[in-house]
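Reader: Hi! I'm new to this one and would love a quick tour. Could you show me what we're looking at?

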Amino acid sequence: MASITRALRPLCRTTPSFRMAARRPLPSHLARSTHAFSTTSRRRDVDLSSLTPTPITLLSETESMMADTVSKFAQEQIGPKVRDMDEAEAMDPAIVEQLFEQGLMSIEVPEEYGGAGMNFTSAIVAIEELARIDPSVSVMVDVHNTLVNTAILKYGDAQARRTWLPKLATGTVGSFCLSEPASGSDAFALQTKAEKLSDGYKLNGSKMWITNAMESGVFIVFANLDPSQGYKGITAFIVEKDTPGFSIAKKEKKLGIRASSTCVLNFDDVVIPKSNLLGEEGQGYKYAISVLNEGRIGIAAQMTGLALGAWENAARYVWNDRRQFGQLIGTFQGMQHQLAQAYTEIAAARALVYNAARKKEAGQDFVQDAAMAKLYASQVAGRVSGSAVEWMGGMGFVREGIAEKMFRDSKIGAIYEGTSNIQLQTIAKLLQKQYTN
Ligand SMILES: Cc1cc2nc3c(=O)[nH]c(=O)nc-3n(C[C@H](O)[C@H](O)[C@H](O)COP(=O)(O)OP(=O)(O)OC[C@H]3O[C@@H](n4cnc5c(N)ncnc54)[C@H](O)[C@@H]3O)c2cc1C
């Protein structure tokens, strides 16, 4: 099968993300009056006054083709394996190989490093389409692209980019290692320590809940180089799987996204060269915050894809297969209203996700938008996938189709990359700042 992203490259080079049109700026009193309806609107890096507004969910030709081709790939290649991978609690290595072949593991990585050189929304679209079929495969692609590749692209120097990005584009999976047994929501209370050596660094400590760990060859690890400085000592390092002293201590058995590996990692006198420092010493907390802000949009996309997949699966059943009282169950008004309500909520969540992605691409502040998208999309995914189980009755409850799996998978959206309470905290803090005199 030809690579999806390679086929889209010529389009991606010529198609702008936004159509530009001449438009006079609003008079200042009108511009101010829009303030109350905008989110995180104080910074204006980009002059958007000349843009013609389009529907938020309108995709460029490249993005649209990305959605179609990933959807086809997910249905044909991943779909038949979803149930077995969930039961086995393991990702099929052939799927991982195909993700690389299709160029889905380096969507935003520039072509000079072997990536597809596409935009952020293309990655979001791919994550969403994969989650519609399997949220486990989706999170593998999400973490690899939006956290690992992004961290190296944004903060790695020229040598780091040349060393790591081609590997991450062609066959080496990546993990992002921040959480620890004693630091989850309070991530920067991390205990893993780094010690400076004459020609490198030595790491000691452990990490918990690390996605992709069983498949990964490259780990971005946050450790404190100077605990006397508190969170300002946190530094990012790159550790390769075969480094002596590095080990996978445990693979978690989980409620959902069971094919996605989640592991405890140990670092026991792990010595790495100087060149494996990512960016600058003491800047790790800033890198983690910035990368996770973007990553949250990816998780929000995973959740909207999951919600849509669960809804579609149930909709097909109630409108085509199952009859009671002499008619298809989806033709009862009580069912129709629930299906319509759920679809409306999915559409609202998608609007938040695409708005956050577009604001990020436009260089605007998007932190509040990303938090709102993740919060709401995970709530919608939970509600819709739960209802979908009920709409299918007993058939939704058994481990044959995907209804019960989507319901189980939905729960993680409110936990990783910042729990729902943490998203609410971010949203409230930014609102308070905006509304405090
Ligand atoms: C499947 C899975 C994959 C993961 N993948 C990764 C990964 O790849 N890399 C990585 O670094 N981490 C990963 N994580 C970790 C994840 O980010 C954390 O689980 C998450 O940040 C929550 O931390 P915690 O589990 O320690 O919960 P806790 O922080 O203990 O929170 C428990 C509860 O307390 C609430 N709470 C905590 N503090 C506050 C507060 N100040 N105000 C209000 N409520 C609060 C939380 O909202 C939550 O409801 C993963 C986790 C899971 C389950």
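Reader: Thanks! Into which domains is the protein chain divided?

Author: Happy to help. The model is a predicted one, and its protein chain is divided into domain 1 (61–172), domain 2 (176–282) and domain 3 (285–435).

Reader: How far apart are the C-alpha centres of domain 2 and domain 3?

Author: Those two centres lie 30 Å apart. The two domains do touch: 12 residues of domain 2 are in contact with nine residues of domain 3.

Reader: And how do the residues on the domain 2 side of that divide, nonpolar, polar or charged?

Author: On the side of domain 2 that touches domain 3 there are nine nonpolar residues, three polar ones and no charged ones.

Reader: Nice. Let's switch to the ligand. How many residues surround the ligand, and which are the closest?

Author: The ligand has 22 residues around it, and the closest are Gly184, Ser185, Thr211, Thr419 and Asn421. Two or more residues of this shell come from each of β1 (173–177), β3 (200–211) and α14 (420–435). Domain 2 and domain 3 each supply at least three residues to the shell.

Reader: What's the make-up of that shell by class?

Author: It has 10 nonpolar, 10 polar and two charged residues.

Reader: OK, helices now. What can you tell me about α7?

Author: Helix α7 covers residues 135–155, which is 21 residues, and reaches 28 Å from its first C-alpha to its last, close to the 30 Å expected. There is a bend of about 30 degrees in α7 at Asn149.

Reader: Is α7 mostly covered or exposed?

Author: Mostly covered, with 20 of its 21 residues buried.

Reader: I clicked on Asp409. Where does Asp409 lie?

Author: Asp409 is in helix α13 (residues 403–410).

Reader: Why does Asp409 count as buried?

Author: Because 31 other C-beta atoms lie within 10 Å of Asp409, and 20 or more is enough to be called buried.

Reader: Which residues is Asp409 in contact with, leaving aside its neighbours in sequence?

Author: Setting aside those within four places in sequence, the contacts of Asp409 are Pro135, Gly256, Ile257 and Leu306.

Reader: Ile257 sounds interesting. What is its phi?

Author: The phi of Ile257 is near 30 degrees, a positive value in a residue other than glycine. For context, most residues other than glycine have a negative phi. Ile257 sits in the loop between β6 (246–251) and β7 (262–273), and Ile257 counts as buried because it has 29 C-beta neighbours inside 10 Å.

Reader: And what about the phi of Asn212?

Author: Asn212 has a positive phi too, near 75 degrees. Asn212 is found in the loop between β3 and β4 (216–224).

Definitions and conventions. Residues are numbered from 1 along each chain as its sequence is written. This is a predicted model: local features need pLDDT of at least 70, side-chain atom pairs count only at pLDDT 80 or more; totals for chains, interfaces and linings use all residues. Helices (H or I, at least four residues) and strands (E, at least two) are DSSP runs, numbered from the N terminus. A residue is buried if 20 or more other C-beta atoms lie within 10 Å of its own, exposed if 12 or fewer, and partly exposed in between; C-beta atoms are placed from the backbone. Two residues are in contact if their C-beta atoms, placed from the backbone, lie within 7 Å. A residue is near a molecule or strand if its C-beta atom, placed from the backbone, lies within 6 Å of it. Ala, Val, Leu, Ile, Met, Phe, Trp, Tyr, Cys and Pro count as nonpolar, Asp, Glu, Lys and Arg as charged, and the others, Gly among them, as polar. Domain bounds come from an automatic or database domain assignment. The expected span of a helix is 1.5 Å times one less than its number of residues. The bend at a residue is the angle between axes fitted to the seven residues ending there and the seven starting there.
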